[in-house]
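Reader: Hey, got a minute? I'd like to go through a fold with you before I set anything up.
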Amino acid sequence: MIKLENHFITVEISEKGAEQVSLKNKQNSTDYLWQGDPTYWNRQAPVLFPFVGRLKDNQYQYNNKTYSMNQHGFARDRIFEVTNQSETAVTLSLLSDEESKKVYPFDFCLNITYQLEDSSVSVSYQVDNRNTDEPMYFSIGGHPGFNVPLTDETSFEDYYLSFSPKRSRTLIPLNGAYIDYDNRTLGQTNTDIALRWRLFDEDALIYETKNKNVFSILSDKTTHGISVSFTDFPYVGIWSPAKLKAPLVCIEPWYGIADTSDSTGRLEDKLGIQFLKPSEQFNCEYTITIF
């Protein structure tokens with residue numbers, strides 16, 4: 001287990017999946033990160049790579065070959081190597097190997113960096129296409145879960161979702177596990193949304209995003225809250241385990257999205273897929289702030 005700390009927060013990260021497993025306020029020892037109770041959801045903040053969401057029939061085609069892949073890809077279950085570390089930052093790396101190529105035929109290096117600054121932790125993704133003569137297709141995203149409520153004196157329904165800037169964003173519905181892209185509508189992100197478990201009866205709320213966004217979990221009954229800020233991520237998901245009345249909410253910035261029910265299965269056609277030329281590099285970052 002890797003531990004980072006500054007004067008304000010401590011963060012713990014597991015080498016398995018390069019997954020953040022703790023985010024504590026040093027002043028009151030409150031852990032803002034979901035602790036993985038399997039009654040509701042046994043993960044905490046998995047990294048979604050090389051796909052976000054579910055593939056149609058859990059498979060895809062590339063270069064006339066069919067590959068199988070479970071929801072959200074394999075990175076969350078692989079062991080990463082620590083390649084750089086200080087008191088307030090760490091970089092973990094995952095390289096393609098013979099095992100990964102059985103399900104994903106690309107040479108890649110995935111670097112994930114956690115960096116503390118005051119009461120924030122930034123999460124950076126760097127994806128290198130190590131193929132010198134072939135493009136690479138991929139998706140990547142975060143899935144951090146947060147404890148709601150954050151204090152003993154408050155309840156889940158004392159909190160609300162807040163958005164900056166306050167403007168309507170396109171809401172993309174799900175049809176089962178798949179994206180129902182033809183029926184997208186304008187979502188209510190021009191105002192705050194009270195947290196109610198019924199919001200997630202149809203699974204995640206998925207919004208199209210662009211430019212700079214800050215999505216927050218706040219309450220009028222406590223000063224403690226969480227914000228997730230990100231720039232130019234094309235999608236964000238907000239999720240809590242459907243119908244379980246789970247004491248957690250995830251805010252998930254994504255470069256990628258689940259398949260549609262009428263997906264062709266061809267990787268090149270996949271909705272939201274990212275493209276890297278040979279030897280090219282991709283970078284993105286989101287930041288979690290607690291207060």
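Author: Sure, let's start with the overall picture and then move to some strand pairing. Keep in mind that this is a predicted model.

Reader: Fair enough. How many helices and strands does the secondary structure come to?
Author: The protein has 1 helix and 26 strands. Its radius of gyration is 19 Å, close to the 19 Å that the globule rule gives for 291 residues, so the protein is as compact as a globular protein of that length.

Reader: And what does the C-alpha trace span along its principal axes?
Author: About 55 × 45 × 35 Å.

Reader: What share of the residues count as buried?
Author: That would be 55% of the 291 residues. As for the accessible surface, the total is about 12900 Å², and carbon and sulfur atoms account for 42% of that.

Reader: Switching to contacts: of those between residues at least 6 apart in sequence, what percentage join residues at least 24 apart?
Author: 64% of them do.

Reader: Charges next. How many positive and negative side chains are there?
Author: There are 27 positive and 39 negative ones, and the centres of the two sets lie 3 Å apart.

Reader: OK, strands. Is β10 mostly covered or mostly open?
Author: Mostly covered: β10 runs over residues 120-129, and 9 of its 10 residues are buried.

Reader: Which strands does β10 pair with?
Author: One of them is β9, residues 108-117, which pairs with β10 in the antiparallel sense over 10 bridges. Another is β26, residues 281-290, also antiparallel to β10, over 9 bridges.

Reader: What's between β9 and β10?
Author: The two strands form a hairpin with 2 residues between them. Aspartate 118 sits in that turn, and its phi is positive, about 50°.

Reader: Can you give me a residue to follow across? Which one is the bridge partner of threonine 113?
Author: Serine 124, in β10, is the partner of threonine 113. Serine 124 also has a bridge partner in β26, namely glutamate 285. Another pair to look at is valine 127, which stands opposite phenylalanine 282 in β26.

Reader: And the side chains along a strand, where do they point?
Author: In a regular strand, side chains alternate between the two faces of the sheet.

Reader: Last one: how does β22 pair with β26?
Author: β22, residues 226-231, pairs with β26 in the antiparallel sense, and there are 5 bridges. In that pairing, isoleucine 226 stands opposite isoleucine 290 of β26.

Reader: Great, I'll trace those in the viewer.

Notes. Residues are numbered from 1 along each chain as its sequence is written. This is a predicted model: local features need pLDDT of at least 70, side-chain atom pairs count only at pLDDT 80 or more; totals for chains, interfaces and linings use all residues. Side-chain values use heavy atoms; hydrogens and water are left out. Helices (H or I, at least four residues) and strands (E, at least two) are DSSP runs, numbered from the N terminus. The radius of gyration is taken over C-alpha atoms; the globule rule is 2.2 Å times the number of residues to the power 0.38. Buried means under 20% relative accessible area, exposed over 50%, partly exposed in between (1.4 Å probe, protein chains only). Contact means heavy atoms within 4.5 Å. Accessible areas come from the Shrake-Rupley method with a 1.4 Å probe; for residues, only the protein chains shown count as cover. Lys and Arg count as positive and Asp and Glu as negative; His and the chain ends are not counted. The place of a charge is taken as NZ of Lys, CZ of Arg, CG of Asp or CD of Glu. Two strands pair if DSSP finds at least two bridges between them.
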